[in-house]
Amino acid sequence: MKFTKMHGLGNSYIYIDLFKETIAEESMPKLAIQLADKNRGIGSDGMILIGPSDVAKVSMRVFNNDGSEAMNCGNGLRCVAKFAYEHGYVNEMVFTIETKGGLVEATVHPDEANQVPTVTVNMGKPRLSRSEIPMIGAAVDQVINETIDLGEVSVDVTAVSMGNPHAVIFTEDIHSIPLMQVGPSLEKHERFPEWVNVEYVQVLKEDELQFRVWERGTGITQACGTGACAAVVASVLNGHSPRNQEVTVHLLGGDLFITWLDNGEVLMNGAAETIFEGEWVIK
Ligand SMILES: N[C@@H](CCC[C@H](N)C(=O)O)C(=O)O
């Protein structure tokens, strides 16, 4: 089975082209775990399937490295758009991608060699009501700076769904955050019945954020595209950043440029790179 390893700011996945390959539905979670294993597999944050769609130009399915399936992946979307354009599955520079979290629109920015170094994705509107996250709690519908007790520490969480759930915590100092402690305990906290991605955010300026993530189903990664979008939405909701203005988010693996438009949609712009292609022998 042929594969391509790609990354968006160091958030790497093994991409399989379902226009050409076939994988049985029931073997997908196990395959994601095998491919992602850095000792016995290829090594990645998970597996992404690129395939045909009835409602869009291409479809994307995302599996974390623990085999769980996610509804969306921002860094994955930019890589899928690059892959689809460079492999001739789309000829337009603006096209739609189907995800389990809904339809999104990608715009590729090809260079002189018709290769795609960067992509802008319209990620659609964030979902902000408690039931859409989903998150268990009091009657208040939007979760803005709600305190959750984790035993030894408590955190103030702003909850945003970008098709997948995010819990954003603001900090004064990104270099002293207890991510290894808070990440896993908040990820599977009983208040989040579908678990949650955990992000710490330091506001440097109204249009500049520092960002670290503990991803649901994966752990610490270099970058999370949906998480960066959620961070900017949370920053606007908390009065730290303006609406309709581009915000630079510094992730461990590089920068993303995010705008929460007045019409409610979130734009994400950033890099997408191919690392290598190969063939996986199915055992
Ligand atoms: N790395 C991704 C998000 C991948 C899925 C996430 N771990 C989840 O389970 O929701 C991104 O770039 O958005």
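**Entry 1: strand 18 and its partner**

I began at the C-terminal strand and found that T4 has E277 of strand 18 as its bridge partner. Strand 1 (residues 2-8) and strand 18 pair in the antiparallel sense over 6 bridges, where I take two strands as paired if DSSP finds at least two bridges between them. Helices and strands in these notes are DSSP runs, the helices being H or I over at least four residues and the strands E over at least two, numbered from the N terminus. I keep in mind that this is a predicted model, in which local features need pLDDT of at least 70 and side-chain atom pairs count only at pLDDT 80 or more, while totals for chains, interfaces and linings use all residues. Residues are numbered from 1 along each chain as its sequence is written.

I then looked up burial, calling a residue buried if 20 or more other C-beta atoms lie within 10 Å of its own, exposed if 12 or fewer, and partly exposed in between, with C-beta atoms placed from the backbone. Of the 7 residues of strand 18 (residues 273-279), the number buried is 0, so strand 18 lies largely in the open.

**Entry 2: domains**

The domain assignment, whose bounds come from an automatic or database source, splits the chain into domain 1 (2-120 + 270-279) and domain 2 (130-264). I noted that the centres of the two domains, taken over C-alpha atoms, are separated by 24 Å. Counting two residues as in contact if their C-beta atoms, placed from the backbone, lie within 7 Å, I find 23 residues of domain 1 in contact with 20 residues of domain 2. On the domain 1 side, helix 2 and strand 17 (266-271) are the elements that give two or more residues, and helix 2 gives the most, with 4 residues.

**Entry 3: the core**

I next looked at the largest nonpolar core, that is, a set of buried Ala, Val, Leu, Ile, Met, Phe, Trp, Tyr and Cys residues joined through C-beta atoms within 7 Å. This core has 80 residues, and those with the most contacts inside it are M47, V80 and A228. Helix 4 (residues 225-237) gives the most to this core, with 8 residues, and the core draws at least three residues from each of domain 1 and domain 2. I listed the contacts of A228, leaving out residues up to four places away in sequence, and found G74, F211, V249, L251, L256, I258 and M268.

**Entry 4: helix 1**

In helix 1 (residues 28-36), I find L31, A32, L35 and A36 buried. These residues cover an arc of only 120° around the axis, taken from the directions from the helix axis to the C-beta atoms, which puts them on the same side of helix 1. The buried residues of helix 1 pack against strand 2 (11-17), strand 3 (46-51) and strand 4 (58-64).

**Entry 5: the annotated cysteines**

Which residues does UniProt list for "active site"? The unreviewed entry lists C73 and C224; I note that such annotations may be inferred rather than shown by experiment, that feature names are shortened, and that positions are given in the numbering used here. Although spread over 152 residues of sequence, the two cluster in space, with a largest C-alpha distance of 7.5 Å.

I placed C73 in the loop between strand 5 (69-70) and helix 2 (74-86), where C73 is buried with 31 other C-beta atoms within 10 Å. Leaving aside neighbours within four places in sequence, C73 is in contact with I48, V62, G225 and T226. C224 lies in the loop between strand 14 (219-220) and helix 4 and is buried, with 35 other C-beta atoms within 10 Å. With the same sequence neighbours left aside, C224 is in contact with N11, G74, N75, N197, V213 and E215.

**Entry 6: two binding-site positions**

The UniProt "binding site" annotation, also from an unreviewed entry, covers ten positions in the record, including N11 and N197. N11 is in strand 2 and counts as buried, with 29 C-beta neighbours inside 10 Å. Beyond four places in sequence, N11 touches residues that include D45, N75 and C224. N197 lies in strand 12 (residues 197-205) and counts as buried, with 28 C-beta neighbours inside 10 Å.
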